[in-house]
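Visitor: Please pick one small part of this model and go through it closely. Then place it in the rest of the chain, and tell me how far the model can be trusted.

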Amino acid sequence: AVVSTQSGHYGRGNLIYIKSFIMSHEILFSYGDSVLYAVDVESIEKPDFITDNVISFFFEYLSNQSEYASCISPSVAQLIKMSPSSQLLDIFEDAEFKKDELVLFPINDSFSTEESSGEHWSLLCYVKAENAFYHIDSLNGYNSKSARLLTRHLNTILETNCKCVSLCCTQQNNGYDCGPHVIFYAFEIMKYYKHHQKFNAETVQQSFPSKYRETILSKIRSIK
């Protein structure tokens, strides 16, 4: 069957696809500059990779919970990692995170500057008082190369000479739960910092909770 409209003829299959596309891009939640569409929420509900938008949503929320700590969005972290070293000081001259005591960066294994890609997320934590970066990877150092490059570029921006230290953490038991691990550890680190005003590496050594995706959905609904 073919349906006629003022703009042309569309097969029924195309109309179903268009309707599905529109529904998947319906805005369900928003916080600050971050928006979660139906497709983002579905990525949490399914046993699959969560979208970049989900991480951006939570990192923006966490950034507003402390005056001296911040969480950097995936897109900005990727920009820092992939920008030419010679341009870093100019690009990030006025970056607000330079003044913070604690900064969290989500790391992707992608080395593309063209589009969103990659298959694994981990977390890099900058602690000014410790003069160090801590890398938290739920897949046994899979993102070590990305972590080292991001650390090197951040040392240029921050004008520091910090080492990148890998921390032990619970390892994921599948190929797609890296995003929830990153969100979990970001929440735990920020919560600890907020109450104790000092980073403690033992914070990340607790077990990743089962069914954490349900917790993520509950947190989204509670954030105003």
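Guide: Start with N131, which sits in the loop between β7 (121–127) and β8 (132–136). The model is a predicted one, so every value here is computed from predicted coordinates. What stands out at N131 is a backbone angle: its phi is positive, about 50 degrees, and the residue is not a glycine. Most residues other than glycine have a negative phi, which is why a positive value deserves a second look. How buried or exposed is N131? Its relative accessibility is 43%, and since partly exposed means the range between 20% and 50%, N131 counts as partly exposed.

Another asparagine, N140, can be set beside it. N140 lies in the loop between β8 and α6. Its phi is also positive, near 50 degrees, and again the residue is not a glycine. With a relative accessible area of 69%, N140 is above the 50% cut-off and therefore counts as exposed.

A third asparagine belongs to a helix: N155 is part of α6. N155 has a relative accessibility of 11%, which is under 20%, so it counts as buried. What does its side chain do there? A polar atom of the N155 side chain lies 2.9 Å from the backbone nitrogen of C162. Leaving aside residues up to four places away in sequence, N155 touches F133, T160, N161 and C162. The strand β8 covers residues 132–136, so F133 in that list belongs to β8.

Now the wider chain. It holds eight helices and nine strands. There are 224 residues, and 44% of them count as buried. Among contacts between residues at least 6 apart in sequence, 61% join residues at least 24 apart.

Two pairs of helices show how parts of this chain meet. The axes of α3 (residues 52–63) and α7 (residues 178–196) come within 10 Å and cross at roughly 5 degrees. That angle is under 35 degrees, so α3 and α7 are roughly parallel to each other. On the α3 side the contact uses V54, I55, F58, F59, Y61 and L62, and on the α7 side G179, V182, I183, A186, F187 and M190. By class, this contact has 11 nonpolar residues, one polar residue and no charged ones.

The other pair is α2 (residues 38–45) with α8 (residues 212–222), whose axes come within 9 Å and cross at roughly 145 degrees. Here V41, S43, I44 and E45 of α2 meet R213, I216, L217 and I220 of α8. The residues of this contact divide into five nonpolar, one polar and two charged.

Last, the question of trust. The chain averages a pLDDT of 86, and 87% of its residues score at least 70. Helix α6 (residues 144–158), the home of N155, has the highest confidence, with a mean of 97. Strand β1 (residues 2–5) has the lowest, with a mean of 42. Over residues 1–7 pLDDT stays under 50, and the model gives that stretch 10 contacts beyond four places in sequence. Residues 12–23 also stay under 50, with five such contacts. Where pLDDT is low, the predicted coordinates should not be read in detail.

How values were computed:
Residues numbered from 1 in each chain as written. Predicted model: local features only at pLDDT ≥ 70, side-chain atom pairs only at ≥ 80, totals over all residues. Heavy atoms only, no water. pLDDT = per-residue confidence, 0-100. Helix = DSSP H or I, 4+ residues; strand = E, 2+ residues; numbered from the N terminus. Contact = heavy atoms within 4.5 Å. Axes fitted to C-alpha atoms, helices over the stretch in contact; angles between N-to-C directions. Nonpolar A, V, L, I, M, F, W, Y, C, P; charged D, E, K, R; others polar. Parallel < 35°, antiparallel > 145°, perpendicular 65-115°, else oblique. Buried < 20%, exposed > 50% of the residue type's maximum accessible area, 1.4 Å probe, protein only. Polar contact = N/O pair within 3.5 Å; in protein donor to acceptor, adjacent residues only side chain to side chain.
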